[in-house]
Amino acid sequence: MTKRKTTKTSTEELDVLEAHLAGTLQPVAPSKEIVQRLRVRIQMPNREEIVSRLGDWYRLFFVFGGVISGMMLLLTVARAFYYLTGRKG
């Protein structure tokens with residue numbers, strides 16, 4: 001892949017194009033129907049729902065921590081057995 005070199009000419013062309021588009025494109029206001037549908041869709045959940053979701057996260061972290069702790073314990077026991085049985089002689 002080759003890199004394109006940005007020259008002063010291409011930068012000037014981009015500036016001219018950007019100025020032309022800024023003058024040509026006009027801002028468009030959304031219709032009231034679209035705004036109303038978005039307000040219906042985007043709602044702040046009530047306090048009880050937020051608390052219940054946080055409780056789910058706490059439970060998830062508790063389970064995740066338990067799984068990691070169990071894996072560490074299993075690895076430690078396996079390493080101990082390997083160390084004890086691997087030394088013969």
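This passage describes the charged side chains of a predicted model, taking the salt bridges before a patch of negative charge.

Side chains of opposite charge can pair when their charged atoms come close. In this structure, two salt bridges are found. One of them joins Asp56 to Arg59, with 3.7 Å between the closest N and O atoms. Helix H3, which spans residues 47-86, holds both partners; because Asp56 and Arg59 are three residues apart there, about one helical turn separates them. As for their surroundings, Asp56 is partly exposed, at 44% relative accessibility, while Arg59 reaches 54% and counts as exposed.

The pairing of Arg37 with Glu33 is also a salt bridge, and here the closest N and O atoms lie 3.9 Å apart. Both residues belong to helix H2 (residues 32-41), where a spacing of four residues places Arg37 and Glu33 about one turn of the helix from each other. Glu33 has a relative accessible area of 57%, so this residue is classed as exposed.

Turning to the unpaired charges, Glu12, Glu13, Asp15 and Glu18 together form a negative surface patch. Asp15, one of its members, is located in helix H1, which runs over residues 8-24. With a relative accessible area of 47%, Asp15 is partly exposed. Patch residues must have over 30% relative accessible area and no salt bridge, and the 47% of Asp15 therefore satisfies the accessibility cut-off.

Notes. Residues are numbered from 1 along each chain as its sequence is written. This is a predicted model: local features need pLDDT of at least 70, side-chain atom pairs count only at pLDDT 80 or more; totals for chains, interfaces and linings use all residues. Side-chain values use heavy atoms; hydrogens and water are left out. Patches are made of residues with over 30% relative accessible area and no salt bridge: like charges are joined within 9 Å, nonpolar side chains (Val, Leu, Ile, Met, Phe, Trp, Tyr) within 5 Å. Accessible areas come from the Shrake-Rupley method with a 1.4 Å probe; for residues, only the protein chains shown count as cover. A salt bridge is a side-chain nitrogen of Lys or Arg within 4 Å of a carboxyl oxygen of Asp or Glu. Lys and Arg count as positive and Asp and Glu as negative; His and the chain ends are not counted. The place of a charge is taken as NZ of Lys, CZ of Arg, CG of Asp or CD of Glu. Helices (H or I, at least four residues) and strands (E, at least two) are DSSP runs, numbered from the N terminus. Buried means under 20% relative accessible area, exposed over 50%, partly exposed in between (1.4 Å probe, protein chains only).
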